[in-house]
Amino acid sequence: MIFRKYIIKKEDYSHLSKEDRLVLKILEETIKDISLVYKLQLKKGFCPKDLSKEQLKKAVKSNPQLMDPFSQIVEENGKLGIVPYHIYYAKYLTPISQKIARAASYSTNRSFKVYLEARAKSLTDGNYEQAFELWLNIKNSWIDFTLSPYQRYLDKSLLTKRTYQGYVGIIHKQYTALAEQYKEALYSSAKINFTKYHSTDIPKKGVSVFIEMISAISGYPADVLALGEHFPSNLDVARQYGARIVIYATQLGYKFDKVFYPIFKTIFEPTFASKYSRQMLLETTGWCIFLYELGEQLHKFEGARDRLQEFYAPIEKANAFASGIEHSKHLVVKGLISQEMLEAIMIIHIVWMVSDWLLYQKNPAKQSHIIGNSVLLNSYLSNGALKISIGISWPNFSRIFFEIESMAYKLTYLLQKGSYKEARDFIKKNANLECFERLSSSLSHINNSV
């Protein structure tokens, strides 16, 4: 599904003013509208269909402009050129822009109003950076919203072209405050931990964390049922303006009920599984995605995407898991989470990787995640941290954490200064989807069409 609408509990929106509720309703419409553009991008691709990957890369050498992330590659009179998205998709973007501007006219929050006006304008002039800066500087708004070309996972040729997506939701202030406390603890630990590689420029500029009750979401995060995201993906923009991590709480709850919990009940030995309540695992899922996004945010390095090319995404995804969980030991030391919670985080980490495999059967957009996940799962299996028979036997948490620490070091090294050859050899040696296929028979009853 490329558009998802969620029902928000009354207690999560009862505090909204009449104007805020109208703004929310209008913005929900724009999220549905932009899904049509994402659908077109899936159908058309980012360049002429008869152009091979090799031909495209050759053309880029003579015309680097083709790499522009916010443009469509077109062919005219036998020559390749680009048309900016805001022109190429103007037929669809103009009415969306008008709706966002209308929502802005009803907003009583000055900073949110100014942001909405800039976001509306960005869809027709392509100035996404200004809108992003204003988004980070919104003050005292209950509503959060973004809509722009963002993810590049579907561009398998140049690895640069962005797809349109968006979401709108209500910020959960209590959980957001708690997440900010945990974030500060993790960043302070990372800065004094000299045995690891870290990109500390982003935390210096400021990383905000938001837990949100999402009412509408579309594009890539709806397509793959993402639990959260970090913005922006461009390191230079993050250094200049800072960054934002968003946890999609309502989508997380849906995915937990439909996929995560059924997998947990299936793959773990019943006596072992009985030690962990459903509520505890649901809460742990929230912290697991929080750690995942922080792990990804901490390891943004200059030139990594260009160096590692097609291997960047799977290495980045594997590292987000490994480094996020590796850093969680600091939360245990500081008394913010218990040892039992850390073990539950590792359980959800395993469940999450298996769920990605299930969704991958119907959605190839998860390919980078699956390759990265297989690196970690193969490590656990080959070193005796996990054993698979019909499902997964009792996990050895100490050994899993040891493997996570080892992998976190290797993966962050590759992101920071590894070469293309090192990344290629690493993936070739460690990535093997057979580990997921061994679990497939025990998961056949779980619905992967969610």
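Okay, let's start with a question: which residue in β5 is the bridge partner of T146? It's Y167. Keep in mind that what we have up here is a predicted model.

Let me stay on that bit of sheet for a moment. Strand β4, residues 143-151, pairs with β5 in the antiparallel sense, and there are eight bridges between them. Then β5 also has β6, residues 207-218, as a partner: that pair runs antiparallel too, joined by six bridges. If you want a spot to look at there, take G166, whose bridge partner in β6 is S218. As for β5 itself, residues 163-171, the strand is mostly covered, with nine of its nine residues buried. In a regular strand, you'll remember, side chains alternate between the two faces of the sheet.

Right, on to the nonpolar cores. The largest one has 145 residues, and the members touching the most others are L116, F145 and F268. Helix α17, residues 339-360, is the top contributor, giving 15 residues. And this core takes at least three residues from each of two domains: domain 1, which is 1-171 plus 206-241, and domain 2, which is 259-450.

Let's zoom in on L116. Setting aside neighbours within four places in sequence, L116 is in contact with V23, L27, I100, A103, A104 and F145. There's also a second, separate core, made of eight residues, and C47, A59, V60 and L66 are among them.

Since I've mentioned a cysteine: how many disulfides does the structure hold? Zero. Take C435. Its sulfur sits 17 Å from the closest cysteine sulfur, the one in C288, so that's too far for a bond. C435 is buried, at 1% relative accessibility. C47 counts as buried as well, because its relative accessible area is 16% and the cut-off is under 20%.

Last stop, a charged one. Is E316 buried or exposed? Buried, because its relative accessibility is 3%. You'll find E316 in helix α16, residues 312-333. So what does its side chain make a polar contact with? The side chain of K300, at 2.5 Å. Leaving out neighbours within four places in sequence, the residues in contact with E316 are Y153, E296, K300 and L415.

That's my tour; happy to rotate the model if anyone wants another look.

Definitions and conventions: Residues are numbered from 1 along each chain as its sequence is written. This is a predicted model: local features need pLDDT of at least 70, side-chain atom pairs count only at pLDDT 80 or more; totals for chains, interfaces and linings use all residues. Side-chain values use heavy atoms; hydrogens and water are left out. A nonpolar core is a set of buried Ala, Val, Leu, Ile, Met, Phe, Trp, Tyr and Cys residues joined through side-chain atoms within 4.5 Å. Buried means under 20% relative accessible area, exposed over 50%, partly exposed in between (1.4 Å probe, protein chains only). Helices (H or I, at least four residues) and strands (E, at least two) are DSSP runs, numbered from the N terminus. Domain bounds come from an automatic or database domain assignment. Contact means heavy atoms within 4.5 Å. A disulfide is a pair of cysteine sulfur atoms within 2.5 Å. Two strands pair if DSSP finds at least two bridges between them. A polar contact is a pair of N or O atoms within 3.5 Å; within protein, one must be able to donate a hydrogen and the other to accept it, and residues adjacent in sequence count only if both atoms are side-chain atoms.
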